[in-house]
Amino acid sequence: MDLEKAIAAVSGAGWKLTTQRKAILRLISECRGHFSVDQIIAAGRDHSKTDPENSTLSQPTVFRTAEALAGLGLIKEVILPHAARIYDTRLDPHNHVVCG
């Protein structure tokens, strides 16, 4: 996900660009492929020394932001059977395989 494109889309949709939301957008833009809400929160904690705003990311805020980005077509929601919800920054058609 391109960070500048995401910021423009979020602003164009009328969202307030809070400090937390900007941090979430930046963290998601750094992902290359699949991620979960918990992975974004963990990445925020890892970056908290250089960006203190990342240490206060809440699960509901990350979830709502990811859902909204999926609604804007900037990321995809991937629903796999018997698995936690994940998101994908790759928008090109590709398959997801679940090993059981």
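In which helix is the place of Arg 21? Arg 21 lies in helix α2, and this briefing uses that helix as its point of entry. The model described here is a predicted one. Its protein chain contains four helices and three strands, which follow one another from the N terminus in the order α-α-β-α-α-β-β.

**The chain as a whole**

- The protein chain has 100 residues, of which 32% count as buried.
- Among contacts between residues at least 6 apart in sequence, 46% connect residues that are at least 24 apart.

**Arg 21 and its surroundings**

- Arg 21 counts as partly exposed because its relative accessibility is 23%, and the buried class is reserved for values under 20%.
- With residues up to four places away in sequence left out, Arg 21 touches Val 10, Trp 15, Lys 16 and Thr 65.
- One of these partners, Thr 65, is 44 residues from Arg 21 in sequence, while the C-alpha atoms of the two are 7.1 Å apart in space.

**Helix α2 and its buried residues**

- The buried residues of α2 are Ala 23, Ile 24, Leu 25, Leu 27, Ile 28 and Ser 29.
- These buried residues pack against three helices and a strand, namely α1, α3, α4 and β1.

**The packing of α2 with α1**

- The axes of α1 and α2 come within 9 Å and cross at roughly 145 degrees.
- This crossing of α1 and α2 is right-handed.
- On the α1 side the contact involves Leu 3, Ala 6, Ile 7 and Val 10, which meet Arg 21, Leu 25, Arg 26 and Ser 29 of α2.
- By type, the residues of the contact of α1 with α2 comprise five nonpolar, one polar and two charged.

**The packing of α2 with α4**

- Helices α2 and α4 pack at an angle of about 65 degrees, and their axes are 10 Å apart.
- The crossing of α2 with α4 is right-handed.
- Helix α2 contributes Gln 20, Arg 21, Ile 24, Leu 25 and Ile 28 to this contact, and α4 contributes Thr 61, Val 62, Thr 65 and Leu 69.
- The residues of the contact of α2 with α4 consist of five nonpolar, three polar and one charged.
- Arg 21 therefore belongs to both helix contacts, since contact means heavy atoms within 4.5 Å and Arg 21 is listed with α1 as well as with α4.

**The largest nonpolar core**

- The largest nonpolar core holds 20 residues, and those touching the most other members are Met 1, Ile 28, Phe 35, Ile 40, Val 62, Leu 69 and Ile 75.
- Two or more core residues come from each of α1 (3-12), α2 (19-29), α3 (37-46) and α4 (59-71).
- Helix α2 makes the greatest contribution to this core, with five residues.
- Leu 69 is in contact with Met 1, Val 10, Trp 15, Leu 25, Ile 28, Leu 74 and Ile 75, when its neighbours within four places in sequence are left aside.

**The sheet**

- Three strands make up an open sheet with antiparallel pairing, arranged in the order β1-β3-β2.
- Strands β1 (34-35) and β2 (76-78) are the edge strands, each of which pairs on one side only.
- Strand β3 (residues 86-88) and β2 pair in the antiparallel sense over three bridges.
- Lys 76 stands opposite Asp 88, a residue of β3.

Methods. Residues are numbered from 1 along each chain as its sequence is written. This is a predicted model: local features need pLDDT of at least 70, side-chain atom pairs count only at pLDDT 80 or more; totals for chains, interfaces and linings use all residues. Side-chain values use heavy atoms; hydrogens and water are left out. A nonpolar core is a set of buried Ala, Val, Leu, Ile, Met, Phe, Trp, Tyr and Cys residues joined through side-chain atoms within 4.5 Å. Buried means under 20% relative accessible area, exposed over 50%, partly exposed in between (1.4 Å probe, protein chains only). Axes are lines fitted to C-alpha atoms, for helices over the stretch in contact, and angles run from 0 to 180 degrees between N-to-C directions. A crossing is left-handed if the near helix is turned anticlockwise from the far one by less than a right angle, and right-handed if clockwise. Ala, Val, Leu, Ile, Met, Phe, Trp, Tyr, Cys and Pro count as nonpolar, Asp, Glu, Lys and Arg as charged, and the others, Gly among them, as polar. Two strands pair if DSSP finds at least two bridges between them.
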